[in-house]
Amino acid sequence: RLRGARGAQERLIAEAAHELRTPLQLMRTSLDLGLRRERPAAELKEALEVVRGEVTRLAHLSTRLLDLATARRGHWDRAPGDLAAAAREAAEAIRAEAETRSVLVEVFAPEPVQASFDPNGIRQALDNLLANALRHGPAGGTVRIEVRRAGGAARLVVHDDGPGIPAVDRERVFEPFARGTDKPGSAGLGLAIVREVARGHGGRAWVPDGQGGNVALEIPAR
């Protein structure tokens with residue numbers, strides 16, 4: 001187990017270094033070209049815009065890496081709560097962004113689903129699941145969150161109208177930096193964070209069968 005954990009940590013460090021190297025090289029190239037000789041203001045502005053884009057990308061990546069590190073530490077301040085209410089709050093927070101793509105966000109939770117969880121950790125997982133659904137679902141589609149009890153568990157499934165995740169990739173997408181067919185702009189860490197949050201709560205995260213995109217999170221119910 002220790003060898004496996006160390007190997008996973010080394011792979012994460014190597015992958016993070018690779019992800020950081022590309023934007024840094026692009027920034028250096030843009031700055032070198034801008035400093036090589038006198039250039040018109042328009043060309044300098046274009047070079048600075050490229051650098052600014054890469055800085056934004058690096059900031060996003062560093063934030064996601066910190067989120068993953070926080071999730072892996074496993075310090076959760078759990079308290080009794082309603083997972084359905086947490087889902088409704090997360091849905092409300094993302095509706096403004098969804099409306100820019102004419103995407104309808106629905107929550108199906110006919111009754112409270114009680115569990116013991118860290119509100120910030122579960123909200124972080126929900127935000128990642130919803131962002132993932134918006135990224136892969138088509139404009140004008142629907143993102144649906146279903147929350148219910150499943151035996152002794154509280155289960156949450158986020159569904160979108162996208163093509164879904166191929167069966168061969170359903171485990172790999174939970175690995176850090178595994179993008180699959182992600183659209184540009186993703187750090188490839190969202191589902192890794194979701195799985196760490198689920199594991200930290202004694203639960204699991206997986207891709208269930210079904211049409212469209214489906215990702216499920218399950219934690220023990222109360």
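Q: How many bridges join strand 5 to strand 7, and do these strands run parallel or antiparallel?

A: Strands of a sheet pair through backbone hydrogen bonds, in either a parallel or an antiparallel manner. In this predicted model, strand 5 and strand 7 run antiparallel and are joined by eight bridges. One residue pair can serve as a landmark: Arg155 has Glu218 in strand 7 as its bridge partner.

Q: Which overall pattern do the helices and strands follow along the sequence?

A: The protein contains five helices and seven strands. Read along the sequence, they follow the pattern α-α-β-α-β-β-α-β-β-α-β-β. Contacts with a separation of 6 or more are, for 73% of their number, between residues 24 or more positions apart. Of the 222 residues in the protein, 42% are buried.

Q: What is the strand order of the open sheet, and which strands stand at its edges?

A: The open sheet has five strands in the order 2-4-5-7-6, and the pairing is mixed. Strand 2 and strand 6 (204–206) each have a single partner strand, so one side of each is left without a neighbour in the sheet; these two stand at the edges. From one strand to the next, the twist averages 15°.

Q: Where does the parallel pairing occur, and how does strand 4 pair with strand 5?

A: Strand 2 and strand 4 run parallel and are joined by five bridges. Within this pairing, Val105 has Val143 in strand 4 as its bridge partner. Strand 4 and strand 5, by contrast, run antiparallel, with seven bridges joining them. Here Arg148 is partnered by Arg155 in strand 5, and Arg155 is also the residue whose partner in strand 7 is Glu218. Strand 4 and strand 5 form a hairpin with two residues between them, and Gly151 in the turn has a positive phi of about 65°.

Q: Is strand 5 mostly covered or mostly exposed, and what does Val157 contact?

A: In a regular strand the side chains alternate between the two faces of the sheet. Strand 5 is mostly covered, with seven of its eight residues buried. Val157 is found in strand 5. Its relative accessible area is 16%, so Val157 counts as buried, the cut-off being under 20%. Leaving aside neighbours within four places in sequence, Val157 is in contact with Arg144, Ile145, Glu146, Asn214, Val215 and Ala216. One of these, Asn214, is 57 residues from Val157 in sequence, and their C-alpha atoms are 6.6 Å apart.

Q: Which strands does helix 3 lie across, and which residues of this helix are buried?

A: An α-helix has 3.6 residues a turn, so residues three or four places apart point the same way. In helix 3, the buried residues are Leu83, Ala84, Ala86, Ala87, Ala90, Ala91, Ile94 and Ala98. These residues pack against elements including strand 1 (79–82), strand 3 (114–117) and helix 4 (119–136). Helix 3 lies across strand 2, strand 4 and strand 5, and runs at about 175° to strand 2. Helix 5 also packs on the sheet: it touches strand 6 and strand 7 (213–220), and its direction makes about 150° with that of strand 6.

Q: What is the span of helix 3, and where is its kink centred?

A: Helix 3 (residues 83–99) has 17 residues and reaches 24 Å from its first C-alpha to its last, close to the 24 Å expected at 1.5 Å a residue. A kink of about 35° is nevertheless present, centred on Ala93. At the start of helix 3, a side-chain oxygen of Asp82 comes to within 3.0 Å of the backbone nitrogen of Ala84.

Q: Which residue caps the N-terminal end of helix 4, and what span should this helix have?

A: The cap is Asp118, a side-chain oxygen of which lies 2.9 Å from the backbone nitrogen of Asn120. At 1.5 Å a residue, the 18 residues of helix 4 should span 26 Å, which agrees with the 26 Å between its end C-alpha atoms. The buried residues of helix 4 include Ile122, Leu126, Leu129, Leu130 and His136.

Q: Is Arg195 buried or exposed, and which residues does Arg195 touch?

A: Arg195, found in helix 5 (residues 190–200), is buried, because its relative accessible area is 11%. Not counting residues up to four places away in sequence, Arg195 touches Glu171, Phe174, Ala205 and Trp206.

Key
Residues numbered from 1 in each chain as written. Predicted model: local features only at pLDDT ≥ 70, side-chain atom pairs only at ≥ 80, totals over all residues. Heavy atoms only, no water. Helix = DSSP H or I, 4+ residues; strand = E, 2+ residues; numbered from the N terminus. Expected span 1.5 Å × (residues − 1). Bend = angle between axes of the 7 residues up to and from the residue. Buried < 20%, exposed > 50% of the residue type's maximum accessible area, 1.4 Å probe, protein only. Contact = heavy atoms within 4.5 Å. Polar contact = N/O pair within 3.5 Å; in protein donor to acceptor, adjacent residues only side chain to side chain. Pairing = 2+ DSSP bridges. Axes fitted to C-alpha atoms, helices over the stretch in contact; angles between N-to-C directions.
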